[in-house]
Amino acid sequence: MKTIFKYLFALLSAVLYGCTTGSLSGDDAAGTEGLTVRICEMQETGPATRINYSGSFNEHSEFETGDFFGMFVIDETVPTVRHFKVYCSGIDNKGKTVWSIYKAGASDGHSSNYPISEIVAMGTSFFAYYPYNAEYETSLPDIEGIKAIVPAKCNALPTDQSNLNYSDLDFIVASNVPGAEFGEFTILGKNVSLNFAHTMSRLRLILPAGAKKYEYLFDGADFTPNVRSWNAELDEYNYFFKPGCILDISMRYVLDKHLYKIETGNLKNIFPLTTLAGHCYYLDENAPKVPYSIGVDMGTSVMWASFNLGAETDRSATAVNVSSLKGINVCWGANNDFGQYGQKPYQNYNDKFTGGTKPSELAIDYEFSGNILYDAATNLWGGKWRTPSIQEWLELFDACTCVVSNNVITFTSKTTSNVISIGCFGYMDGPSISQPTIGYYWSSSGSPQGITKGYAIALQKTASSKPVGHPVANRYTGLPVRPVYTK
């Protein structure tokens, strides 16, 4: 089997909430220096491919001459089950994989004159799988047994995967068996097309050069992943999970006498990451600190976060109440919350700003959405998260119906029926809150009424008041942000 690898190694530098810095003497931790996990999930498919994880790591592993997979042929009218060993007999002149049925007694035990298409008339349902299992030759399962193969494989994943070949763990299936459909199994005349699907998910962590594993915990208990070392002395940790498992992992490693901590998934149960079949979860500097899975499709051009920027850091936050929390306030064009609001604090921020044009001096029609210098959502959540523009806010209003109750506005999409709730928290231009029954939120758009203004949205408390754009918000005002990302 030919394998192609391409890796991008990146040490993440974001700070994990609640961690403090410290030093180590040997393996004794005097403190921690944190890294925020960044999780990316991708769907992988591809014909004639064992493993295909796309993205920055861009790894795929192709079948080649001599590889086998197994296939059940089911005739449900009898019913009968047959099992075949399928052999990769070569690559044709178009670069496509040629498959034949393994036939005992042929030269080298293989046959190129018994094509896979000849078995399609033997049944109505097919279940192709890799890696091949010789036990099925002597103990043939019935139809219900075939349907149980994938759950059995997923449930049998060992906790200690250190001495196992990770490619052998990655069970892939192409099946049109009712109740056990995976990937694609297409028959057009004598042409048989298999598109294998991964039945499990995979986690990948890569330690930076010179790092030493200190602790690796999964769901509160130590487990041992498959570890691979590379030329640059980088260790890659691989672990396979069954679908539906919550990724709740803590990994610590020592580097330059500091202890780093990486955690995934279940941060206060606010945005648990549930593994999906065929997904690879890995650390990537371009992936968000808050996963895209909290985004809600409201029938607009963007996905809307289900809670405000910074609400996930609130010590009282839970999955139940996070959407009702204010999160942090920011001034217009400030990419972080500096804790004070009003003319003087904002001027101090601008006086110290060295990244380019000061936020207070940006043009009246400036649009900062997605610009990490000015966008707090992009800076703090990473990835594609950003502050919505005024047009995107107005698009939300047109796409939804609104109900107001207890200073919370509930938007319900007219097309998807999905719901998000946005609280009213007023605004701050000093230490106190003004108009707390109105929901002011920043847009990323500059106000046309002057360079000292930023375009904000005013979400009114009363049911008779339609949410409107509010073009005269002073840029030094502290307002919350509801992030979005483009679909």
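**Exercise 1.** State whether Asn-406 is buried or exposed, then describe its backbone and place.

*Solution.* Asn-406 is exposed, at a relative accessible area of 70%; exposed means over 50%, buried under 20%, and partly exposed in between (1.4 Å probe, protein chains only). This is a predicted model, in which local features need pLDDT of at least 70, side-chain atom pairs count only at pLDDT 80 or more, and totals for chains, interfaces and linings use all residues. Residues are numbered from 1 along each chain as its sequence is written, and side-chain values use heavy atoms, without hydrogens and water. Next, the backbone: Asn-406 is not a glycine, yet its phi is positive, about 55°. Most residues other than glycine have a negative phi. Last, the place: Asn-406 sits in the loop between β26 (400-405) and β27 (408-413); strands are DSSP runs (E, at least two residues) and helices are runs of H or I with at least four, numbered from the N terminus.

**Exercise 2.** Do the same for Asn-407.

*Solution.* Phi is again positive, about 60°, in a residue that is not a glycine. Asn-407 lies in the loop between β26 and β27. With a relative accessible area of 26%, Asn-407 is partly exposed.

**Exercise 3.** Locate the cis peptide bonds that precede Pro-79 and Pro-131.

*Solution.* Most peptide bonds are trans. The bond from Val-78 to Pro-79 is cis, with omega near -10°, and Pro-79 is in the loop between β8 (68-75) and β9 (80-91). Tyr-130 and Pro-131 are also joined by a cis bond, with omega about 5°. Pro-131 is in the loop between β11 (125-130) and α1 (143-147).
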